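Here is a short note for a colleague opening this structure for the first time. Please keep the model in view while reading.

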Amino acid sequence: MAFEPPQRLVRALGETPETAQDAQWLEQLPGLTEAALSRREVQAQRVQAPGGRSSLVVLVQYADGTPAALKLAPPRARPDRELAALAHWGGFGAVRVLDSRYHEEDGALLLERLHPEVSLRSLPDAKALLEAGGTLRRLWVAPPAGHVWETVAERTERQSAALRAAPAEARALADSALAIRDELVAAPSEELLLHGNFRQGKVLAGERAPWLTVGPEPVVGERAYDLARLARDRLEDQVATSAGAAGARRRVNRLADALEVDRDRLRGWTVFRAVESGHRALAAGRRREAELLLEFAAWL
């Protein structure tokens with residue numbers, strides 16, 4: 001299959017600390033895709049564009065015409081763990097796995113085809129948050145014994161290492177976020193399988209269910225951590241309103257109450273995740289995005 005990886009994917013991978021490793025994967029991507037198509041006996045129709053920032057999705061079909069989607073991500077993204085999470089959910093609230101075998105040679109996932117052009121972001125925000133909450137409730141289940149996923153404490157400890165080296169302009173917020181994180185992990189409240197990167201854009205329209213989530217970065221921990229990314233969705237719209245800090249705090253409280261999550265823990269994880277994301281955006285040169293994230297965190 002001759003193709004050029006979508007430029008959005010190329011740019012995004014070029015911003016990561018693993019740039020050299022990702023560049024090698026991008027060079028191998030056409031060959032990996034051909035091997036994955038052949039191994040699963042499906043035919044490529046087209047590459048989904050503009051696609052995501054962390055993976056390539058090829059729209060494919062079986063010999064009988066049944067549609068599907070083939071997803072390839074760099075090895076560092078641990079697609080095996082994504083596959084394990086999707087298989088554990090069994091299509092309940094999430095995209096369904098069509099081939100549960102994991103082939104390390106290509107790291108591809110064969111999934112049911114959804115409608116990538118229609119996500120919850122196509123709905124008014126209030127309706128989107130309602131649907132998002134219903135989807136999350138389906139995902140929050142107990143992990144199996146001996147599971148393969150890292151915990152929230154482990155993931156945020158890795159992220160904290162970079163925050164400790166935050167530049168002077170973000171130092172105060174970084175220190176505050178680190179202190180909040182330490183307090184939260186010292187008293188974990190739940191051990192559930194979480195999506196890990198849940199937001200409105202990760203919930204797509206489907207055929208067998210109105211809305212199904214995609215692209216998990218699975219982690220085991222408390223619901224407040226998973227809900228924290230959703231709290232800052234449509235961030236530019238939030239910042240542009242006159243409600244400011246009061247509006248941001250009301251949004252967090254409404255989400256916490258709607259999903260029966262402790263308000264303070266959700267606020268804490270929202271601050272940490274916004275500051276951590278803001279620091280990464282700053283390091284990647286996405287200054288406007290970083291400023292929005294850090295302003296939002298300061299409001300809370």
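The points below cover salt bridges and then one pocket.

1. Status of the model. This is a predicted model. Please read every contact and volume in this note with that in mind.

2. Salt bridges overall. The whole structure holds 24 salt bridges. Three pairs and one network are picked out here.

3. D22 and R76. These two side chains form a salt bridge, with N to O at 3.0 Å. D22 sits in helix α2, which covers residues 19-40, while R76 sits in the loop between β3 (67-72) and α3 (79-89). The two are 54 residues apart in sequence, so the bridge ties together separate parts of the chain. Are the partners buried or exposed? D22 is buried, at 1% relative accessible area. R76 is partly exposed, at 33%. Buried here means under 20% relative accessible area.

4. R208 and E112. Here the closest N and O atoms of the salt bridge are 2.7 Å apart. This pair also links distant parts of the chain, with the two positions 96 residues apart in numbering. R208 lies in the loop between β7 (203-205) and β8 (211-213). E112 lies in the loop between β4 (109-111) and β5 (115-119). R208 is partly exposed, with 35% relative accessibility. E112 is buried, with 14%.

5. R155 and E150. The salt bridge between R155 and E150 brings their closest N and O atoms to 2.8 Å. R155 is buried, at 9% relative accessibility. E150 is buried too, at 14%.

6. A network. Which residues are joined into one network by salt bridges that share partners? They are E157, R164, R181 and D182.

7. The second largest pocket. Its volume is about 270 Å³. The lining has 16 residues. Nearest the centre of this pocket are W25, A73, P74, P75 and E104.

8. Who supplies the lining. Helices α2 and α3 each give at least two residues to the lining of the second largest pocket. Which element gives the most? That is α2, with five residues. Helix α2 also holds D22, the buried partner from point 3.

9. Character of the lining. The lining of the second largest pocket includes seven nonpolar residues, four polar ones and five charged ones. When viewing the pocket, start from W25 and E104, which are among the residues nearest its centre.

Definitions and conventions. Residues are numbered from 1 along each chain as its sequence is written. This is a predicted model: local features need pLDDT of at least 70, side-chain atom pairs count only at pLDDT 80 or more; totals for chains, interfaces and linings use all residues. Side-chain values use heavy atoms; hydrogens and water are left out. A salt bridge is a side-chain nitrogen of Lys or Arg within 4 Å of a carboxyl oxygen of Asp or Glu. Helices (H or I, at least four residues) and strands (E, at least two) are DSSP runs, numbered from the N terminus. Buried means under 20% relative accessible area, exposed over 50%, partly exposed in between (1.4 Å probe, protein chains only). On a 1 Å grid over the protein atoms alone, a cavity is a set of points where a 1.4 Å probe fits but cannot get out, and a pocket is an open set with protein on both sides within 12 Å along at least five of seven lines; lining residues have an atom within 4 Å of a point. Grid points are joined across faces, edges and corners, and a volume is the space filled by probe spheres set on the points. Ala, Val, Leu, Ile, Met, Phe, Trp, Tyr, Cys and Pro count as nonpolar, Asp, Glu, Lys and Arg as charged, and the others, Gly among them, as polar.
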